[in-house]
Amino acid sequence: MPDRYAVIGHPIAHSKSPLIHGLFAQATGQDMRYEAIDGGAEAGGFGRALAAFRAAGGRGVNVTLPFKLEALAAAGEASDDARLAGAANALRFDGDRVQACNFDGIGLARDIEVNLGLPLAGRRVLLLGAGGAARGALLPLARAGARRIAIANRTAAKAASLARELAPHLPGSCILSGGALADLPAGETFDLVLNATSASLSAGTPAVPPGAFAPGALAYDMVYGQGLTPFLQLAQAAGATRVADGAGMLVEQAAEAFAWWRGMRPDTRQVLSMLQSRS
């Protein structure tokens, strides 16, 4: 009987995770079944869905919006990345043990460095947003060698608080600050401008000053499947020559979860190419 895995979210019909993990399983010869489960909008829906899946023999789950905080709370053990991000996007079941990890930031860094060919060592990064997506991205970006990370959020106090909280956990070589976009020093430019807000899902965009994009900068929107989002359009108009959405991050974080569950990391190139061709 195939080992069972799933992704839990709400809504979930749009999820590409069953396709991605199905292709990974086929490529690596793993006997596994992967499905999408809607946790529903009612309170307690995630917990009930998770308990039912475990009772039916499930081995692990990916967790997407809006349940990443609940996923961390449901685990008895958590990786440092999940604990510091305050959220988990993958759970693994081993008897009574529930273990949590957060692979979003690791997948993001790998997509930028490997798939998009932008080494992060020594780079200046502008991170837009101070929510869960931004929290998950910070540590992997810093570990990859980013020299400067500026968190810019609509609520400056939230960005400043996040910077103070996570600064002790970053390599000493990384300079971290937090505030509003208007607080950025005049004339400061960035090699990577990363949209970790949900603005693109509502056809909005943070008001990034055109001068923030350094020559050859990469503009990266963490949402995927939305085409050229308003943020990426703004970046192009400001002179950014490279733009990307979060499709690569989605595939790379899926590969990390697959390796955690199955003990082998699948090749992501063909899956990413297929996903991008369908978008």
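The paragraphs below lead through selected helices, loops and residues of this structure, which is a predicted model.

Helix H2, spanning residues 45-55, offers a suitable starting point. Within H2, the residues Gly 45, Phe 46, Ala 49, Leu 50 and Phe 53 are buried. These residues lie on the same side of H2, because they cover an arc of only 125° around the axis. A general property of the α-helix is relevant here: with 3.6 residues a turn, residues three or four places apart point the same way. The buried residues of H2 pack against several elements, namely strand E1 (3-9), strand E2 (32-38), strand E3 (58-63), helix H3 (68-74) and strand E5 (90-94). After H2 comes Gly 57, which has a positive phi near 100°.

Two of the loops contain a cis peptide bond. Pro 11 belongs to the loop between E1 and helix H1 (17-28), and the bond that joins His 10 to Pro 11 is cis, with omega about -5°. Pro 66 is located in the loop between E3 and H3. The peptide bond between Leu 65 and Pro 66 is likewise cis, and its omega is about 5°.

Attention now turns to helix H9, beginning with its packing against H1. The axes of H1 and H9 come within 10 Å, and they cross at roughly 55°. An angle from 35 to 65 degrees falls outside the ranges for roughly parallel and roughly perpendicular axes, and H1 and H9 are therefore oblique to each other. The crossing of H1 past H9 is right-handed. On the H1 side, the contact is formed by Ile 20, His 21, Phe 24, Ala 25 and Thr 28; these meet Leu 250, Val 251, Ala 254, Ala 255, Phe 258 and Trp 261 of H9. Sorted by class, this contact has nine nonpolar residues, two polar residues and no charged residues.

Helix H9 (residues 247-262) also packs against helix H5 (residues 104-115), with axes that come within 7 Å and cross at roughly 120°. This angle makes H5 oblique to H9. The crossing of H5 and H9 is right-handed. From H5, the residues Asp 104, Ile 106, Gly 107, Leu 108, Arg 110, Asp 111 and Asn 115 meet Gly 248, Met 249, Glu 252, Gln 253 and Glu 256 of H9. The residues of this contact comprise three nonpolar, four polar and five charged.

One member of that contact, Glu 256 in helix H9, can be examined individually. Is Glu 256 buried or exposed? Its relative accessible area is 18%; because buried means under 20%, Glu 256 counts as buried. Apart from neighbours within four places in sequence, Glu 256 is in contact with Phe 103, Ile 106, Arg 110 and Arg 265. Of these partners, Ile 106 and Arg 110 are among the H5 residues in the contact with H9.

Another glutamate, Glu 77, is found in strand E4 (residues 77-78). Glu 77 has a relative accessible area of 32% and is therefore partly exposed, since that class lies between the limits of 20% and 50%. When neighbours within four places in sequence are set aside, Glu 77 is in contact with Arg 97, Val 98, Gln 99 and Ala 100. Arg 48 stands 29 residues from Glu 77 along the chain, and the C-alpha atoms of Glu 77 and Arg 48 are separated by 20 Å.

Definitions and conventions: Residues are numbered from 1 along each chain as its sequence is written. This is a predicted model: local features need pLDDT of at least 70, side-chain atom pairs count only at pLDDT 80 or more; totals for chains, interfaces and linings use all residues. Side-chain values use heavy atoms; hydrogens and water are left out. Axes are lines fitted to C-alpha atoms, for helices over the stretch in contact, and angles run from 0 to 180 degrees between N-to-C directions. Helices (H or I, at least four residues) and strands (E, at least two) are DSSP runs, numbered from the N terminus. Angles under 35 degrees count as roughly parallel, over 145 as roughly antiparallel, 65 to 115 as roughly perpendicular and the rest as oblique. A crossing is left-handed if the near helix is turned anticlockwise from the far one by less than a right angle, and right-handed if clockwise. Contact means heavy atoms within 4.5 Å. Ala, Val, Leu, Ile, Met, Phe, Trp, Tyr, Cys and Pro count as nonpolar, Asp, Glu, Lys and Arg as charged, and the others, Gly among them, as polar. Buried means under 20% relative accessible area, exposed over 50%, partly exposed in between (1.4 Å probe, protein chains only). The arc is that of the directions from the helix axis to the C-beta atoms.
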